[in-house]
Each structure stands twice: as C-alpha cells, then as structure tokens.
Amino acid sequence: MQVHNFNAGPCPLPKEVVESTINAIRNFDNTGVGLMEISHRTPGWERTMAETRQLWRDLLNIPAEYEVLFLGGGASTQFFTVPANFLNKKAAYLQTGVWAKKAAKEAKLFGEVKIVASSEDKNYTYIPQGYEIPTDADYFHITTNNTIYGTEIKYDMDNVPVKFIADMSSDIMSRPVDVTKYAMIYGGAQKNVGPAGVTFVIVRKDLLGQITDRQYMNPLPTMVDYRTHAAEEAKNISMFNTPPVLPIFVMHETLQWVKNLGGVEAMNKLNTKKSAMLYEEIDRNSMFVGTAEKDSRSIMNHCFVMAEGREGLNDAFAAFAKERGMIGIKGHRSVGGFRASLYNAVTIEDVEALIQCMQDFEKANK
Ligand SMILES: *Cc1c(COP(=O)(O)O)cnc(C)c1O
C-alpha cells in the first residue's frame, strides 16, 4: 500500500534527497569513505558547509551583515540562547502557542518578560492583533507558525520598534521572507529543511555582544555565544566544534531541491495550492470542522475535529484513514482530532489522497 505521510515533524523529505543521502553515507564526495566516517575538516566537507550557507543566502536573500549558523540542541536550545545573547533587562513575547510560551519561560531566567498578547484564552486558535510592543524592550519574539494549533503569521510584520526575533521552525522555506526586518531567525531543521539534529540560526552580527547590565550568565559560556560560531564565517566554514555532519548534508540536499524547483516563491505557490485544497474540503465536508480561525490559518499544519454530533466517529475516521495509508494525521493531544501537515515535500497527490479519504468517509457515514 502506498503511504501518505502528514507528520508534523519530523516529516517527509523529498525522495531524491533520501536517495542522494544514502549514496553519500556509502561514499561521500568520491572519497571512498562514508559521510558519517569522514573528518569534518576534509575539503569536501568544508565545501559542503560553504555551499549549504550559500544556499540559505541565495534562497532567502540573506544580506552579508547576517551570519548563518548550524547548531545542535534543536529550536528548544535557542529558547535560552536567544535571551542569553540579547536580553539585557526586558524582552517582549507574543504568546501564540506552547512553543512561544516555552520560549518566554526561558527568557524569564534572564530578565523581565512582557507578554504583549496571548491567544491562550481560546486554546491558541487565533493570532492576536492590536497589541503594543514596549519600546524599552531589548527585543520582540514571535513564533511565525504554530505547529500544534495550525495558525500562522504569514507575513513579515512592519514597524516593530525593537530588535525582531522569530522562531520559524515550521514555516521556514515555505515562503519568501524579508530577512532585513529581523535581528534573528531560527528553527529546528526537521520540518521543512532537513532531519532533526541541526538548528539554523540567521543572526545580524553587529547586534551581538551587547549584554552589559545583566548579572545572570554574563559573560556567556563559549558555546552559548553566537559569536563563537560566527568567528570563521569569513571562510564560510564556521566549525568551532564538530558539526552535525549528517543532518547538515541532508539540509544541503533539501535546499538544493528547493532551489531546483524554483526557490521559495515556487514553494509558496505550491504550498498555497495544497493548503487551499485541503481547507476547502474541511469546510465542505459535513463530518469535519476546522479548529483555527480562518484568517489565522496556517498553510503548513491543518487542524480539524469531528463536526458537532459526529464526535463519536473520531476513532472510526482514524482507523479508516490508517487503512488507506494516511500516516501522522492524529492531532496533538492539546487540540485533539486531526492535523495534516503539508510541508514542502508533501505532494499534491498526497493531498488528493487525503481529500478522497475524507470524502469516502463522509459517504460511508451519511
Ligand atoms: C518543533 C518546534 C519547536 C521545537 O523544536 P526542537 O528542535 O524539537 O527543539 C519549536 N518551535 C516550533 C514552532 C516548532 O514547530
């Protein structure tokens, strides 16, 4: 049976990427040595590092004053590394979900945290509007895509009066981003740009090293200071310690795949189409109802539950979909129901198969 993988992350990678990685694991860069067995100081690897950085720069038009870093520890490690590098006295956070809340919690270790707005009152089903960002904050932090709830800030905000920092773990490379509006963008690779095990950090280097007033974690531990990892950027290599070679290689192949398909504009077009197809079915199908408010809907994660009066069919649909090869559509426990994640590597055919499954279920239970 053909399977259709809608996992929220880790999630499907392009078939070509998996194939080229298998080949590299056997024999990296015609060295006769496998990718996991080379030294990270071999020229072939240094070239791969430099190319991966360049792919990021090309795909997102990242200006020269930004560093592109590949670190370990996942996006969750950035939750404390961000305030460690940027929070002197006070930071502002927009609380649009559990990831945003976790990020703010870590910042509290370093100083005052102002939650400018939260949608927790309605289980994070919408993106708050009309709040004020304090101008005396060191930075303002957002989570662009709320993976668990299927809401998304699909544009780059204007007029943020302080340094602007975004966790883009689950929508990076799904659309064009105006990097110049941000002081920093970060995320785990395992949703749109590779496997788990590497975290991307895009940071404006002239804004680093400005922690003066703070007592806690000052000076910074070496590994926590972004400047440590940026130091060798001149060579475009930047390997203070052993980097996660395998995940970075997969990221290289994934970004090359994005580039070959026409870059982030092409991805955005495809993602918008896939997303509209599925939301149209969720809204049409009498069995289901979407959970996120329409104007806040994510084009990456699509959350829906059984319609009123149909709640008893939840497990029946889960089993029905499983029999038809649908993988990873169970909703997060804090939302319930179902969630279909349509990241870059999910195909139109996958979406069509899910829609067919939803229609068949409706017919079978009318
Ligand atoms: C998955 C996710 C995280 C957590 O990433 P890890 O790499 O597992 O630490 C953080 N933020 C968002 C928005 C996510 O989707």
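This report describes the ligand site and the nonpolar cores of a predicted model.

**Ligand site**

The shell around the ligand consists of 13 residues, of which Ser76, Thr147, Asp167, Gln190 and Lys191 come nearest. Sorted by class, this shell holds 8 polar, 3 nonpolar and 2 charged residues. Helix α3, spanning residues 74–86, is the element that gives the most to the shell, with 4 residues. Polar contacts to oxygen atoms of the ligand include those in the table below.

| Residue | Protein atom | Distance to a ligand oxygen atom |
|---|---|---|
| Ser76 | side-chain N or O | 2.6 Å |
| Lys191 | polar side-chain atom | 2.8 Å |
| Ala75 | backbone N or O | 3.0 Å |

On its own, the ligand has 390 Å² of accessible area, and the protein covers 87% of that area.

**Nonpolar cores**

In soluble globular proteins, nonpolar side chains tend to be buried together. In this model, the largest nonpolar core comprises 55 residues. Trp45, Trp56 and Phe140 are the residues with the most contacts inside that core. Helix α6, residues 245–260, supplies the largest share of the core, namely 8 residues.

The surroundings of Phe140 can be given in more detail. Beyond its neighbours within four places in sequence, Phe140 is in contact with Ala92, Tyr93 and Leu94, with Val116, Tyr131 and Ile133, and with Met157, Val160, Val162, Lys163, Phe164 and Ile165.

Separate from the largest core is a second one, which has 27 residues. Among the members of this second core are Phe86, Phe110, Leu207 and Ala230.

Key
Residues numbered from 1 in each chain as written. Predicted model: local features only at pLDDT ≥ 70, side-chain atom pairs only at ≥ 80, totals over all residues. Heavy atoms only, no water. Near = heavy atom within 4 Å. Polar contact = N/O pair within 3.5 Å; in protein donor to acceptor, adjacent residues only side chain to side chain. Areas by Shrake-Rupley, 256 points an atom, 1.4 Å probe, with all protein chains shown as cover. Helix = DSSP H or I, 4+ residues; strand = E, 2+ residues; numbered from the N terminus. Nonpolar A, V, L, I, M, F, W, Y, C, P; charged D, E, K, R; others polar. Core = buried A, V, L, I, M, F, W, Y, C linked by side-chain atoms within 4.5 Å. Buried < 20%, exposed > 50% of the residue type's maximum accessible area, 1.4 Å probe, protein only. Contact = heavy atoms within 4.5 Å.
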